[in-house]
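Open the model in your viewer and keep the selection box handy. We will go from stop to stop, picking a few residues at a time and looking at what is there.

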Amino acid sequence: MPQKAPSDVLVENFHVKGSPKRNWPKKIVWWDETLRDGEQTPGVYYTHEEKVELARLISETGVDVMNVGIPAISPNELKAVKAIANSGLDAAVLGAARTVRSDIDAVIASDAPEIATFIAASDVHLKHKLNITRETCIEIAVDSVQYAKDHGLKVTFVTEDTVRADMGFVTELYQAAIEAGAKRVLFCDTVGVMTPSTIGWWLDEMVARVDRKVEYGVHLHNDFGFAAANTLTALEHGIPCVNTTVNGIGERAGNASFEEVVMALEDLYQRPSGIDKSKLYALSRRVEECTGVPVAFNKAVVGYNAFTHESGIHTDGVIKKAATYEPMKVEELGRRRRFVFGKHTGTRAVETRLTEAGLRATKEQLVAITNDIKVQTENHTKEYVRDFIAAYRTWDRDNKGVSPEVFWAIAKKHGIAVPSKIPMTV
Ligand code: MN
């Protein structure tokens, strides 16, 4: 690939000079999990309309595949997967299934052209969760892949907890699944225990061991905060298919954040992602609304504070040249820079706000206004902070699934002798 001119952001072009060798895949396959793993975020569910709408918005960013749910979960889930599968989106629609006939039958019934069928791979899962031997695991995997393939589905074979499994067994299991007809395989760091260096080593080793010409992919969790970094590492190691979610939502600490991986590729490595960056921010906001999972203020790329400045030194720098304190181009994301006026404000930000409104002030006036803003901020009672945090915690307690009160009321309704004084804590 021809070397592009250094971007405004990478002033020193550090990514080219002396950077390590990277083995990029020829084409990235973006696999979105917002509607499956993302819906498994504690407390989250989408209405039918939301699921169909989000599928369209996600497809419009340019992703290649979307795992839109597990049709076997409920008649409603099947209906949603079916509606999405029949809505003519550009992204391929995939339904997920355990390696269980009834789950696979539900995907067949959903009209989704693709299936991801999954079973656990690590001994801790096989022994304690499934209570099956490694041999049985391989038999079930082969049978399920064949069955799905025989029904005309493109099959992705997935194992949970792949990275904590015995590598010899993983090799055997994946080779068997590929021989049974899997066209794509996913390796999972289900509990997010890998780091960029360990996942890089593990993937190189595993791809060499499996040694089959299929599309490899990764599904990496964020328990230690490395999901996006590990996913980027997977791409650097030639893995084409990456699972991501909008806002990084998903089980527990979530999955690799779509927007973080896209922006790192585009801006830090200057690799075309094939994703329409201008849609990322609006999509993030819509997912926030539909999930009820607020985007953290300090979340990279899409967080409310990601392009917000207060301190005088920073606002002054950004006004003179955005690249001083903004390593991404805010307008490319379809969002705007914001200045907060508070304790750390400087005169430059005040002057800019006045100028934008077509107003002028003397130097003395600017200093006086700035000082007044500082004083007013410091004199704020912290009441609004307390109210906000209290509301947030009440939401966490009562709006994720059913509240403790509702839980015990349901139990009582079904004949459980619930004592009158039962703690309402979770
Ligand atoms: Mn997952």
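Start by selecting R134 and D123: their side chains meet in a salt bridge, with 2.8 Å from N to O. Bear in mind as you look that this is a predicted model. The pair links distant parts of the chain, since R134 belongs to helix α5 (residues 134–150) and D123 to helix α4 (residues 123–130), 11 residues apart. Now switch on a surface. R134 is partly exposed, at a relative accessible area of 29%. D123 is partly exposed too, with a value of 39%.

Next, select K320 and D316. Here again two side chains form a salt bridge, 2.8 Å from N to O. Where do K320 and D316 lie? Both are in helix α11 (residues 312–320), 4 residues apart, which is about one turn of the helix. Is K320 buried or exposed? K320 has a relative accessible area of 55%, over the 50% cut-off, and therefore counts as exposed.

If you would like to keep hunting for such contacts, a search of the whole structure finds 33 salt bridges. For this tour, one small group deserves a selection of its own: E33, R36 and D37, joined into one network by salt bridges that share partners. Within this network, pick out D37 and R36, whose closest N and O atoms are 3.4 Å apart. Both D37 and R36 are buried.

Keep D37 selected and add the manganese ion. Which residues are the protein donors of this ion? They are D37 through OD, H219 through NE2 and H221 through NE2, at 2.0 to 2.2 Å from the manganese ion. Along the sequence, the donor residues follow the spacing D-x181-H-x1-H. Colour by secondary structure to see how D37 and H219 link distant parts of the chain: D37 sits in the loop between β1 (29–32) and α1 (48–61), while H219 is in strand β7 (residues 215–220), 182 residues apart.

Finish with the surface once more, this time around the metal donors. Why does D37 count as buried? Its relative accessible area is 2%, and buried means under 20%, so D37 qualifies. H219 is buried as well, at 6% relative accessibility.

For a last view, show D37 together with both sets of partners: R36, with which D37 forms a salt bridge, and the manganese ion, for which D37 is one of the protein donors.

Technical notes: Residues are numbered from 1 along each chain as its sequence is written. This is a predicted model: local features need pLDDT of at least 70, side-chain atom pairs count only at pLDDT 80 or more; totals for chains, interfaces and linings use all residues. Side-chain values use heavy atoms; hydrogens and water are left out. Donors are N, O and S atoms within 2.8 Å of the metal (3.2 Å for Na, K and Ca); water is not among the atoms, so sites may look incomplete. Helices (H or I, at least four residues) and strands (E, at least two) are DSSP runs, numbered from the N terminus. Buried means under 20% relative accessible area, exposed over 50%, partly exposed in between (1.4 Å probe, protein chains only). A salt bridge is a side-chain nitrogen of Lys or Arg within 4 Å of a carboxyl oxygen of Asp or Glu.
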